[in-house]
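Subject: Structure handover, with notes on what was found

Dear colleague,

Please find below the structure that I promised to pass on to you. My notes on it come after the model, and I would be glad if you read them with the model open.

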Amino acid sequence: MSLINSIPEMVITTKLDEVLNWTRKSSVWYMLFGLACCAIELMQTGGPRADLERFGAAPRATPRQSDMMIIAGTLTLKMALRTKVLYDQMPDPKYVISMGSCSNCGGLFQLAYSVCDGVDKVIPVDVYVPGCPPRPEALTEGLLKLQEKMMQERWLVKGSSAQAAA
Amino acid sequence: MSLAGYEFEVQRDDGLATEEMTLNMGPQHPSTHGVLRFVVKADGEIMRTALPDIGYLHRSIEKISEKVGYHGFMPYTDRVDYVSAMQCNQGWAMVCERAAGIEVPRRGEFCRIIACELGRIASHLLSVGTMVMDIGGMTPFTHAIREREKVNNLLEDLCGARLTFNYMRIGGVAWDLPPGYAEQVTAFLDQFEPLIAEYNDLISYNKIYVERLANVAAVSKEEAINYNLVGPNLRGCGFQYDVRRDEPYSIYPELDFDVPVGTGEVGTLGDCFDRYIVRIKELKESCKIVRQCLDMIPDGPVLARVAKKLKPPVGDAHVRVEASRGDMGWYVVSDGSEFPYRTKIRTGSFSAMSIVDKLSRGIMIADLIALIASLDVVAPEVDR
Amino acid sequence: MASSMGRYLKHAKDAVATIFEGMSVTMSHFVRKPYTIQYPDRTAVRVQDTLPLRYRGILEVDLEICTGCLACERACPIDCIVIDAPKDKVTRAMLLSRFDIDIAKCMYCGLCSEVCPTGSIHHTTEFEGADYSLESMIRRFVKDPVLAYKAKKGEETDPLIAPILDRGMEFLAEWAEPIDMKKYKKEQEEAAP
Amino acid sequence: MQSFIDGLIASGAFGGLPAEAVYPAMMFLFASLVVFGFVLPLVTITIWLERRVWSRIQSRVGPNRVGPQGVLQGLADGVKNILKEDVVPDAADRPLFVFAPYLLVWGFLATFVVIPFSSALVIADLNVGILYIVAIVALSAVGVLMAGWASNNKWSLLGGIRSAAQVVSYEIPAGLALLPVVLLTGTLSTQGIIQAQGWAPWDWFLFHSPFTFIAAFAFYISALAETNRTPFDIPEAESELVAGFATEYSGFRFALFFLAEWGSLYVTGAIMAVLFLGGWQIPTGWTNNTVVLNIAQLTVFFLKAYFWVFLAMWIRATLPRIRVDQMMSLCWKYLVPLGFVNLVGTAVWMVIWPEGNAFVPYLMVVGTLALIVIFFRRVLYHLRRAKPELYFNPAI
Amino acid sequence: MSPTEIHQRLQDQHGDAITAFEADALDPFVLIKSDSIVEVCRFLHDDPDLAFDCLTNMSGVDFLKEDYIQVVLHLYSYTHRHAIVVKANVSREEPSMPSVEAVWKAANWLEREIYDLLGVVFTGHSDLRRLLMPEDWVGHPLRKDFVEPEEYHGISTRRESLLK
Amino acid sequence: MPLEALVFYLLAALTIGSALIVAGSHNLVYSAFALLGTFMGVAGLYALLAADFVAVIQVMLYIGGILVLILFAVMLTHRIADVEVSNRTVGRIPAALILGIVGTVMGVCIGAAEWVQHAEPVVEPTTSGIGEAFLGPYILPFELASVVLLVALIGAVVVSRKELRGPMVDG
């Protein structure tokens, strides 16, 4: 990557970056990671009403083929360790959408003894979606936000923020 | 992955010895709908056991009830069984009303039953839909989800949320029916009922589907009772029992509805297909109940005045409601303060999960998927 | 022998017939209108506008009519509302210096708006709130400390506040009115004969 | 092909390079041309089409944002997958893990060699063409088995074993089902088989006799099974085996699996068109221009092939998945006996009517049309019952 | 059969096991000695007049002040459609009582849950392991004096509210 | 033609190389997969000899059938995935001895044989010729082979049935 990143910023690389980002944003395969209540809304988001597939987002069953992980629901302490494993199994570049109050910060289960308050304690989160659970449109909006973020990233240009972070 | 506690002795058949595989199904597996884990011991495609390992969604709801008070616990009951939250709402409301001796206005009861039966339609649609999806048919699943969306829209009009309704209050319901609601619901039911027939044409009696489900993991009536299977799972065994009819509560005694049971029409009595088809038939019954309620609903208030800080007398109360996944037991112990001393929720999925180990012996891996789907297990109901 | 042959053929016949039937159902779906609502841009009306007034979306506070009674803060089971309402030492009036709602934590149960006496805090039909950080998801309604609203006897006359109060009352009207069951029963019995 | 390169060499286009070096280079060039210029677009379009067809059946819209109506979806998926990190799990067996996708893709690409797209467009008209296809499919079984084992994941291994069992078993009914056609034509060459048929439906082998008609569907079912399509998608059964043999694969290697899967779907359709629908046959005599003729033939061939591809998509959207033991019993108890019946039946038919019955093909065409009419009456019945909102525009 | 009759019947057979009977409670219950629970339950299950074939619910309640843990069994008979509640007290320090798994299979998981959350050891249980909490969890959360641990496997269980 | 020679040597190298892996690999699964190369090489050699039918049948039967079955058998063997060295090299000295003897004999034979060389291999369909041969002059060996295969098939069924009859599960 170091070689590629040393290409100076030119119009062509910027354009190429845009094209590459466009392909990535147009094909966000998300992992079926339904934990709790939000999983039902996640299902409905993939279903006929919201139909995430319009944006090229298809569900995958295995982390190896996913670009995005939608943490849909309450993350318990028992599950938190597994979540980390699953996240590590995803190939880069990978993104995480935290869906709903429970995965944002524990939400209404902050009072609980067995719940991990917030998925950001275990894995980095890119987009937080509010709601309990967020309706399908709200999740779609989360995906659009993530696409915006993807389009900002730079892969070829020197000193890119995304690569520096990775 | 450690398999602490799951050490088995490898059994050997005479003849060719084959290697026994230990498969870790879940907690993140497409067909477990949420986070259930099965430690599967399989000999090729044939399973020896599938031990459920639960608790991945244990959210300590029972403990939370001790901290948030009687009114504040209502939203949490939505999360006990998010697929059919209405009946959980009702269970909590009923147990508190019983403990504190509160009476509910009659119109409130009707609102509750309309909401509950709509919730039951939504829940059963999801259940049969995911079941077909697990068997491999994506289209019927999306059709079920589509209809569920319509129910969700109706419930949204009623209580402003699609999934976690928080509709009921101790002493009634929080919102009266919106204007024109009866027409909306009737319009939905009119278009929904033919779709059940279409659904049956598309999938229920499809040969492949029937072959996948018939004769798989049959449960006898005695076994079902001993394991405390409830709801459609119990009725699938041919045992006609429904809390709504046999231990009536609310306004159910005034309503006329059938209790469908499994008949073993394509295989053994109590197999996966029976459990499935009972749910399909209950969809029709729920439609019937909703129509009756809409006809019979009286005018009047829907919510009784209840103290802001409800303090039921010292003692305990237990109620049973027929939730979508069957008889749901709500037990509350009061110490006279404004917080419940102890709450216990005994759910249908919990007992259904405990029978998986027994039923899974000797069936194939693909059958295990059908079995779990037909038991209609919802993870948070098991773990709470 | 004959029966087993018959069963064999029946299996085949059943399979062909039911698959034929199933295929006709799916074919009929080709010409049906898709159910999809093409959020966000390809819809006739904004999705938010199709939602009922009762919809429990993101919370909103009309500070103009907030009485500072803290009922919502107390009603919230998870403390996602924080209000600072100190008494002004000079004028002895209640000053709202802070009204924060964490929409990332909120569980959209409606218990807060249920207890609000003026309908100041209420759920909107808005649901778009996704963001990149949790800090930015806290809605801070008080920019500068304002005086809390005091209910007047009779009609509200201030032209700036009246429409807001009317709107708040609309939200309140959605909620069911609790009644005293014993009184109600008595009335019913008296009315019956 | 060879003469063309010889000509180029003779004309000195390569500046005196030895012919031994030119041949492989040219072959490589030509192969890449075929892959990137033809197979990749074909596959991406097929995938997009499948997703759209599927979505419409499911009351959804499907990919419609990426490019006009979402046609660039496949391109985006492909490029994205190439950009992804390439994970080889620690526990995996690296050489086999890396090699397996290539084997699979090789097995699928090699089938394109004998598919005659028109009377002139065929890479090599082998005189054992149809047997070659049946044989080369076996490579994918080995590839899948390799992928399944090398992943060192039990779900993958199960998927691989299921797939191999499936491919090996269904090769037999597939072979049996194409024997009637071989019997009728006396050749194994794909071009020869097409030339033995005519452009008109009653000249197709599908309607030659009841036996070939049944054989066609038996072959189609077997082909679906060999390409792991629903209802035979048990090797990658999502709800059972996560993603089957592809569970541990990511990025580029997974894209190869994807390519092979949908590519072989098209190959299935093409073989069905060749064997039973008269391939590229069109009415002759209306033009003498070879190019125009070939383009017309190509179009007809694609339409016929895509009919079967569409049927496979439609079946996938309709049927659930069958179980492993049912898959086996379908093969051995139903399709294999049926194959023998068809074979013997066709032989008897040929003895009775060596030139083919003059009447039966017409009858069968009419019968098929009647069946289609019955089918659409059922469709209308469903529409009337559900009273849905109709929408005839394919785009949305 | 009314609860009083059920109690009477039980009194005849296992009189010494019963310590209290409350007929006026919302759900009438009999309080029995925890050691004799299996015999009592066996009788309730097998007696044709009682035939409590279903264990609908089984809960544990931790009474901190009174210093005992109460195990509550809600029994129901599908045959006769009547119900009774059976309660048994065990000490908080060494909570232990016999398992009724042999009578109702449903008790298997219910007892495991009580063991997990309240720490009551059911002797004779076939597979007494934690059910809901992880195997390495310390403490029994539904006990009134349970203190939530600060962290679990490096994950802190506290979260500062952003509003503070 | 030089190209053909090149292809021949490539194919021969593939065949022999894979065969060496089959014989020498420590991992049983590697050995099994290396058979693929051998079979493909042999098929290629057949094709080079203009025996297209035989080549295709080689691929179909040996790769599609036999190789997959061998892989099956290997993978279903006990704990194949765990054991590093599953294919121990045993009896090196006798092997070398036998190799030496066979090699010498073959070398002598190759040296002594009179090789008939066709100028050009004739490319023509061989399918019907093979068919005629099987049902004509070679009918007896062909039928005998069929019977042997049938017996093997029945034997396989019997062996596998025996296992199935065993108690599958307890209870």
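The notes below begin with conventions and then go through the contact between two chains, the sheets and a few backbone details.

This is a predicted model, in which local features need pLDDT of at least 70 and side-chain atom pairs count only at pLDDT 80 or more, while totals for chains, interfaces and linings use all residues. Residues are numbered from 1 along each chain as its sequence is written, chains are lettered from A and ligands numbered from 1 in the order in which they are written, and side-chain values use heavy atoms, with hydrogens and water left out.

**Chains B and E**

Of the 11 pairs of chains that touch, chains B and E share the most contacts, a contact meaning heavy atoms within 4.5 Å. On the two sides of this contact stand 38 residues from chain E and 42 residues from chain B. Together the two chains bury about 3,500 Å², of which 54% lies on carbon and sulfur atoms; buried area here is the accessible area (1.4 Å probe) that two parts lose on being put together, summed over both. E:Y78, E:W109 and E:L132 supply 20% of the area that chain E buries against chain B, more than any other three residues.

The polar side of this interface comprises 23 residue pairs in polar contact, both residues being at pLDDT 80 or more. A polar contact is a pair of N or O atoms within 3.5 Å, where within protein one must be able to donate a hydrogen and the other to accept it, and residues adjacent in sequence count only if both atoms are side-chain atoms. The side of chain E that touches chain B draws at least two residues from each of β3 (54-63), β4 (68-76) and α3 (107-118) of chain E, helices (H or I, at least four residues) and strands (E, at least two) being DSSP runs numbered from the N terminus. The largest share of that side, 10 residues, comes from β3(E). By class, the side of chain E that touches chain B has 23 nonpolar, 5 polar and 10 charged residues, where Ala, Val, Leu, Ile, Met, Phe, Trp, Tyr, Cys and Pro count as nonpolar, Asp, Glu, Lys and Arg as charged, and the others, Gly among them, as polar.

Between chain E and chain B there are 6 salt bridges, a salt bridge being a side-chain nitrogen of Lys or Arg within 4 Å of a carboxyl oxygen of Asp or Glu. E:E113 forms a salt bridge with B:K344, with the closest N and O atoms 3.2 Å apart. Over all chains the structure holds 84 salt bridges. Within chain B, the side chains of B:R384 and B:E62 meet in a salt bridge at 2.9 Å, N to O. This pair links distant parts of the chain, 322 residues apart, with B:R384 in the segment after α15 (379-383) of chain B and B:E62 in helix α1 (residues 61-72) of chain B.

Chain E itself has 3 helices and 9 strands. Chain D and chain E, by contrast, do not touch, and their nearest C-alpha atoms are 24 Å apart.

**Sheets in chains B and A**

Chain B has an open sheet of 3 strands in the order β7-β8-β9, with antiparallel pairing, two strands being paired if DSSP finds at least two bridges between them. β7(B) and strand β8 (residues 326-334) of chain B pair over 9 bridges, and B:E322 stands opposite B:D327 in β8(B).

Chain A has an open sheet of 5 strands in the order β2-β1-β3-β4-β5, with parallel pairing. Its edge strands are β2 (59-60) and β5 (127-129) of chain A, each of which pairs on one side only.

**Backbone details**

Most residues other than glycine have a negative phi, and most peptide bonds are trans. A cis peptide bond joins A:C132 and A:P133, with omega about -5 degrees, and A:P133 lies in the loop between β5 and α6 of chain A. The peptide bond from C:Y39 to C:P40 is also cis, with omega near 0 degrees. D:N228 has a positive phi of about 60 degrees although it is not a glycine.

With best regards
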